[in-house]
Amino acid sequence: MAVDIQPACLGLYCGKTLLFKNGSTEIYGECGVCPRGQRTNAQKYCQPCTESPELYDWLYLGFMAMLPLVLHWFFIEWYSGKKSSSALFQHITALFECSMAAVITLLVSDPVGVLYIRSCRVLMLSDWYTMLYNPSPDYVTTVHCTHEAVYPLYTIVFIYYAFCLVLMMLLRPLLVKKIACGLGKSDRFKSIYAALYFFPILTVLQAVGGGLLYYAFPYIILVLSLVTLAVYMSASEIENCYDLLVRKKRLIVLFSHWLLHAYGIISISRVDKLEQDLPLLALVPTPALFYLFTAKFTEPSRILSEGANGH
């Protein structure tokens, strides 16, 4: 195969784009930024992203997709009130919005029209921050080679958030207006207003910390799920199994946290060795059981009552 010989590319992410190919002859352009959907290989040539995402990549995308859904559910529960019958319908609507946004995002991503994406393999943390690695050969002129080396894991999250926001604005106000009769006019749309705040925050979080979240999200899931489960059980004054079983809502919260525990464990282990990693899922109920066995020593109800009385 004949390839034109040109000076080597400088910089970690600069590459040469294929301009012409005829049989065994390939002609590449000057060193620069790779087109969208491509990244440089070891020889500094831009190559299309044709690989399938790994399990860990899908788990990361699932984590980023869960964030707005969990926040939706939290603020719906926060503003609906205990006697509001609209909370369940809003929860279902939020789940529908996020699910539809995920499906549409996959359909509009390359290849278009199928629930499948092609991607480039994430090799190191710097792949997420190519803008920091633009070379300056003469220390004056900067060669801009910023591109999405982790295509499409970086931009697909923004597309998903955009569809979530659009679907929420189309569906949720109509639903809340019709069924949230138990709430005052000023309280009906507070969960929607909250989303208008947390979506920009999530967008900035992905833009600035996407690479860090990619490597840290399994531990974030485990820590937050453990903390929130302990806080919920103590705030609900759950001190034994009977207190846990007396309300269906408490069981739903418990099973939801168990799913998050399992999600975090699978993300950390990556299920590389199935026979060794699957037994780790037996640890999922451990935090809740440990809390129930030790609650009689800490007496969370007494601590809450003393805190309420100012002692």
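**Exercise 1. Find the bridge partner of Leu 18 in E3, and describe the hairpin around this pair.**

Step 1. The residue in E3 that forms a bridge with Leu 18 is Tyr 28. Strands, like helices, are DSSP runs numbered from the N terminus, with at least two residues for a strand (E) and at least four for a helix (H or I).

Step 2. Strand E2 covers residues 15-22 and strand E3 covers residues 25-32, and the two pair in the antiparallel sense over six bridges; pairing requires that DSSP finds at least two bridges between the strands.

Step 3. Two residues lie between the strands of this hairpin, and Gly 23 takes a positive phi near 70° there.

The model is predicted, so local features need pLDDT of at least 70 and side-chain atom pairs count only at pLDDT 80 or more, while totals for chains, interfaces and linings use all residues. Residues are numbered from 1 along each chain as its sequence is written, and side-chain values use heavy atoms, with hydrogens and water left out.

**Exercise 2. Compare the reach of helix H1 with its expected span, and locate its kink.**

Step 1. Helix H1 runs over residues 55-80, which is 26 residues. The expected span of a helix is 1.5 Å times one less than its number of residues, and for H1 this gives 38 Å.

Step 2. From its first C-alpha to its last, H1 reaches 37 Å, close to that expectation.

Step 3. H1 nevertheless has a kink of about 25° at Met 66, shortly before the proline Pro 68; the bend at a residue is the angle between axes fitted to the seven residues ending there and the seven starting there.

**Exercise 3. Describe the largest nonpolar core and the surroundings of Trp 128.**

Step 1. A nonpolar core is a set of buried Ala, Val, Leu, Ile, Met, Phe, Trp, Tyr and Cys residues joined through side-chain atoms within 4.5 Å, where buried means under 20% relative accessible area, exposed over 50% and partly exposed in between (1.4 Å probe, protein chains only).

Step 2. The largest core has 40 residues, of which Tyr 60, Trp 128 and Phe 217 touch the most other members. Helices H1, H2 (87-108), H3 (155-179) and H5 (190-235) each supply at least two residues of this core, and H5 gives the most, with 10 residues.

Step 3. Leaving aside residues up to four places away in sequence, Trp 128 touches several residues, among them Tyr 60, Val 122 and Tyr 214, a contact being heavy atoms within 4.5 Å.
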